[in-house]
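Colleague: I've got the model open and I'd like a close look at one part of it rather than a tour of the whole chain. Pick a strand that ties into the core, please, and walk me outwards from there.

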Amino acid sequence: MAEYTEADLPLELGDGEYLTLADGTSVRWESNGEAKDVFLSADFSPTVELFPSNDYTFEAGGSTYKLTARFEAALLVEKI
């Protein structure tokens, strides 16, 4: 299982891979049919469910990040 840090952004995060941001917030996702259930930090419930081409913006550690679901098995993570 691959693990990434904020230094790797922008990044296409695959299913089962982890991204840890500078403030310790972790990002991961699991497939839910066509949708992607996105989990922030150690939450057991998804923070958001994204369908392909949909995005979600959140703040962590004073920075803003954008998550965009891809049609393929990937979630684009960008610092904006």
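**One strand and its surroundings**

Modeller: Let's start with a facing pair: phenylalanine 58 sits opposite tyrosine 65, which is in β8. Before going on, a word on what you're looking at: the model is predicted, so local features need pLDDT of at least 70 and side-chain atom pairs count only at pLDDT 80 or more, while totals for chains, interfaces and linings use all residues. Numbering runs from 1 along each chain as its sequence is written, and side-chain values use heavy atoms, with hydrogens and water left out.

The strand labels are DSSP runs (E, at least two residues; helices would be H or I, at least four), numbered from the N terminus. Two strands pair if DSSP finds at least two bridges between them.

β8 has a partner in β7, and these two run antiparallel over six bridges. Threonine 57 has lysine 66 of β8 as its bridge partner. The hairpin of β7 and β8 has two residues between the strands, and glycine 61 takes a positive phi near 60 degrees there. Then look at β9, which is joined to β8 by five bridges, again antiparallel. Here lysine 66 turns up once more, with glutamate 78 in β9 as its bridge partner. The hairpin from β8 to β9 goes through four residues.

How much of β8 is covered? Five of its seven residues are buried, where buried means under 20% relative accessible area, exposed over 50%, and partly exposed in between (1.4 Å probe, protein chains only). Threonine 68, in β8, is buried at a relative accessible area of 13%. Leave out its neighbours within four places in sequence, and threonine 68 is in contact (heavy atoms within 4.5 Å) with Ser53, Asn54, Asp55, Ala74, Leu75, Leu76 and Glu78. Take Ser53 from that list: serine 53 is in the loop between β6 and β7. On the same sequence cut, serine 53 contacts Thr68, Ala69 and Phe71. From serine 53 to alanine 73, 20 residues apart in sequence, the C-alpha to C-alpha distance is 12 Å.

Now the core. A nonpolar core is a set of buried Ala, Val, Leu, Ile, Met, Phe, Trp, Tyr and Cys residues joined through side-chain atoms within 4.5 Å. The largest one here has 18 residues, and those with the most contacts inside it are Leu19, Leu21, Val27, Val38, Phe58 and Leu67. At least two core residues come from each of β2 (11-14), β4 (26-32), β5 (35-40), β6 (48-50), β7 (55-60), β8 (63-69) and β9 (74-79). β8 gives the most, with three. As a rule, nonpolar side chains in soluble globular proteins tend to be buried together.

For a view from inside, try valine 27. Beyond four places in sequence, valine 27 contacts Leu13, Glu17, Tyr18, Leu19, Leu21, Val38, Phe39, Leu40, Phe58 and Leu67. Leucine 19, in strand β3, is buried at a relative accessible area of 0%. With residues up to four places away left out, leucine 19 touches Tyr4, Thr5, Glu6, Leu9, Leu11, Leu13, Thr25, Ser26, Val27 and Val77. β3 (residues 18-20) pairs with β4, antiparallel over two bridges, and threonine 20 has serine 26 of β4 as its bridge partner. Five residues lie between β3 and β4 in their hairpin, with glycine 24 in the turn at a positive phi of about 95 degrees. β4 in turn pairs with β5, antiparallel over six bridges.

That brings us to lysine 36, in β5, which is the bridge partner of serine 31. What does this lysine find as a charged partner? Lysine 36 is buried yet has no salt bridge, and the nearest side chain of opposite charge, glutamate 72, is 7.6 Å away. For those terms, Lys and Arg count as positive and Asp and Glu as negative, with His and the chain ends not counted, and a salt bridge needs a side-chain nitrogen of Lys or Arg within 4 Å of a carboxyl oxygen of Asp or Glu. The lysine 36 side chain does reach the backbone oxygen of glutamate 72, at 3.3 Å. Outside the four-place sequence window, the residues that lysine 36 touches include Trp29, Glu30, Ala69 and Glu72.

Conventions: A polar contact is a pair of N or O atoms within 3.5 Å; within protein, one must be able to donate a hydrogen and the other to accept it, and residues adjacent in sequence count only if both atoms are side-chain atoms.
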